[in-house]
Amino acid sequence: METVEYNYAIVRSFITWSILWGLVAVLVGVLISFQLVNPDLNFAPYLTYGRLRPLHTNAAIFGWGIGSFFALFYYMVQRLCRRPLWSDGLARFQLWFFNATIIAAAVTLLLGFNTSKEYHELEWPIDIMVVVLWVAFSVNIIMTIVKRREEQMYISLWYMLAALVGVAILYLVNAAEVPVTLFKSYSAYAGTNDANVQWWFGHNAVAMVLTAPPLAVFYYFLPKSTGVPIFSHRLSIVAFWSLIFMYLWTGAHHLLWTPVPDWVQTLAMAFSIMLIAPSWGSVFNGYLSMNGQWHQMRENYLVKFLILGITFYGLQTLQGPLQAIRSFSAFIHYTEWVPGHVHMGAMGWVSLVLFAAIYYLAPRIYGRELYSIPLANLHFWLALIGQLIYSISMWIAGLQQAGMWHALNSDGSLTYTFMETLVEMYPYWWIRGIGGVIYLAGLAVFIYNLIKTAQGGKQPALQAAPVA
Amino acid sequence: MSTPSFEKNPILLLVLATLAIAVGTIITMVLPFAWVNSEADRIASVTPYTALEQAGRDVYIREGCNNCHSQTVRPLVADVLRYGDYSKSGEFVFDRPHLWGSRRAGPDLARLGGKYPDAWHYQHMAAPTAMIPASNMPAYPFLSDRPLKPATIAKSMDVLGFPYTQAEIDALGSKNEMDAMVAYLQKLGTGIDWRQATAVEIVGDLRNPFPQAATAIAAGETLYAQNCAACHGSRLEGGIGPELDGSNYDDEILFELIYAGISDNGMPAFATLGSEKVWQLVNFIRYGTP
């Protein structure tokens, strides 16, 4: 049988760095969650909530999320194409440039250089670095696929390709800005237009960074972990095309009741409801792939991470469309409910799937068996409990906050002042912070387990794996 | 089943994916440019930012204020009662970028301009808890120590295409970032004359529902500490606002002053407290012993 020399070194390096940036994201997240209950934890000018919150989201989405996708895409693309990477040198360059970009992002955000656009805060010189990074990555992935030795492209490759082109379009259009100085620019768009472009970007960054790539990972690593194929290829096709078609219409559900034209809001609301179908297409495909295999939830820790991950994806894609309905949005938008929603996606769906994929790869990239499966199980429970405490406390907080904001006296005047509603949040913010600390503890267990594995776990029992 | 050809042709898949992405993008993101910020949207009274206000806006962005404060009032009863008239598209035509935000960890600021006197903002920015005891907002005293950079601000004004005079730029030399921030906050939402249009009108007879009641006076004392003491002094001795002597007013007049505010001298409307709490305040100020 023909053997292929895969480049696992680059996969290992990206994983190391993405975990480091993930740790930064969670540490900063815990700090800012406590800043909300105790303003004395703001250390002006560099370490205030307003400057740290973009660092938290950027480190999480770009450092941990995209860093891991770089690693996992480079692993999957080689295996699925039965050939090494198109260019090892380019991938190496990309690794260093990735870290340079994340460091530049962190430093400039703390210095206060930001565009104010959510999830696109980086100023124009760093925007350019991001574009270079994405081009290097895209060329390498696309060329590896073009020169593949397996005719059929597996589902994961479709999601990867869609993400490559989707992120490119979103990022470039939303980045249109006019520089004034090296670290200051003004958006090319004004007011309502700027808001509509921004949330077209913002919501589809969720599609192209936090949905398509983790689905690519899920569709690859679930069958690899269970040993049985995905339930329905046809369902995969329908879910894929309808997902990437429908997502782009929904950005304005972040702008319900604002001056954005009503018909744009209505389209966003309608397509958000329709998105339940393709989202749940993948959820069902995952669940039905477990037919006859549910016992693996008990026996195989990887399956536990993956199935809980896709379950949170399913819940996320029901809760999201609910929030996109005008009447419900009027109630919960701007409240603490929304961070609860976002973190179910980030800490539940995306991160659980990434953890599973990294555990699966550990023996392959370190050449050792995983140091401890009980510790991996402990990590699972800490991550699950931490995330549930976070999200549930924020949902309750958001409902109470919304109820108080909208409460009226019998004479039609407001029942509560803003400050009366704010002080009610303090207990929930404490509980949320504790949830974050538990999640952080899980992350520490994860990192410890990987370090012990790399430092000399048992030699792997695996034979040289057959190609693909 | 024969394999669809996109599964064997990555370039075809890329092209089809781009087309799928383009449809929703063009309809919901590109097309609205034909309507939004067009002449139909324009409001004549909405003016560009002055150099000082724009400098303040840049500080607002640098400090990430938009992470906690939104800047759009929705056409919902509670939003309008709490913050003021709902936002119109034409009010934002000079906002590059927009600063609508997505969260209200702090209150919405779209209609903040003119609500408080400048002195309130200076003290609040330097030490939020001095004005609002339970506030969790970070303090920004360092803004007062940072002079503005007139040359950079002039460049910004050029990029944005906003009118300014050299005298206006020269005057920035003696201003600091705190001055700019306060000027910006006082500009917010003032492009339309909404305060006149939505002013509270009290109809019918007002009658103190709990005249001189001890419980109302006690409740009023707490409310006074939270909402009034920062400006009128903890013992009603005055500060940013005047000294208060309850015997100068009738119950009904005092209620109106607190509930509706005095829009041209910086006394905010406290209708957001609801009528019952305003009556409690009236009873404390008139009959309590501070």
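Which residues does Tyr159(A) touch, not counting those up to four places away in sequence? Keep that one in mind while we look around this predicted model.

Let's start with chain A as a whole. You'll find 17 helices in it, alongside two strands. Stretch a box along the principal axes of its C-alpha trace and you get about 80 × 50 × 45 Å. Chain A has a radius of gyration of 22 Å, which agrees with the value near 23 Å for a compact globule, because the chain has 468 residues. Of those 468 residues, 57% are buried. And if you take contacts in chain A between residues at least 6 apart in sequence, 83% of them join residues at least 24 apart.

Now bring in the partner. On chain A, 74 residues are in contact with 74 residues of chain B. Helix α6 of chain A, residues 191–210, gives the most to chain A's side of this meeting, with eight residues. Sort that side by class and you get 44 nonpolar residues, 23 polar ones and seven charged ones.

Next, the inside. The largest nonpolar core has 197 residues, and those touching the most other members are Tyr74(A), Tyr159(A), Leu306(A), Val353(A), Ala356(A) and, from chain B, Met181(B). Helix α2 of chain A, residues 49–81, provides the largest share of this core with 20 residues. There's also a second, separate core of 20 residues, with Met131(B), Ile217(B), Leu273(B) and Trp279(B) among them.

So back to where we began: Tyr159(A) touches Ala212(A), Pro213(A), Leu215(A), Ala216(A) and Phe240(A), leaving aside residues up to four places away in sequence.

Terms used
Residues numbered from 1 in each chain as written. Chains lettered and ligands numbered in written order. Predicted model: local features only at pLDDT ≥ 70, side-chain atom pairs only at ≥ 80, totals over all residues. Helix = DSSP H or I, 4+ residues; strand = E, 2+ residues; numbered from the N terminus. Rg over C-alpha atoms; globule rule 2.2 N^0.38 Å. Buried ≥ 20, exposed ≤ 12 C-beta atoms within 10 Å, placed from the backbone. Contact = placed C-beta atoms within 7 Å. Nonpolar A, V, L, I, M, F, W, Y, C, P; charged D, E, K, R; others polar. Core = buried A, V, L, I, M, F, W, Y, C linked by C-beta atoms within 7 Å.
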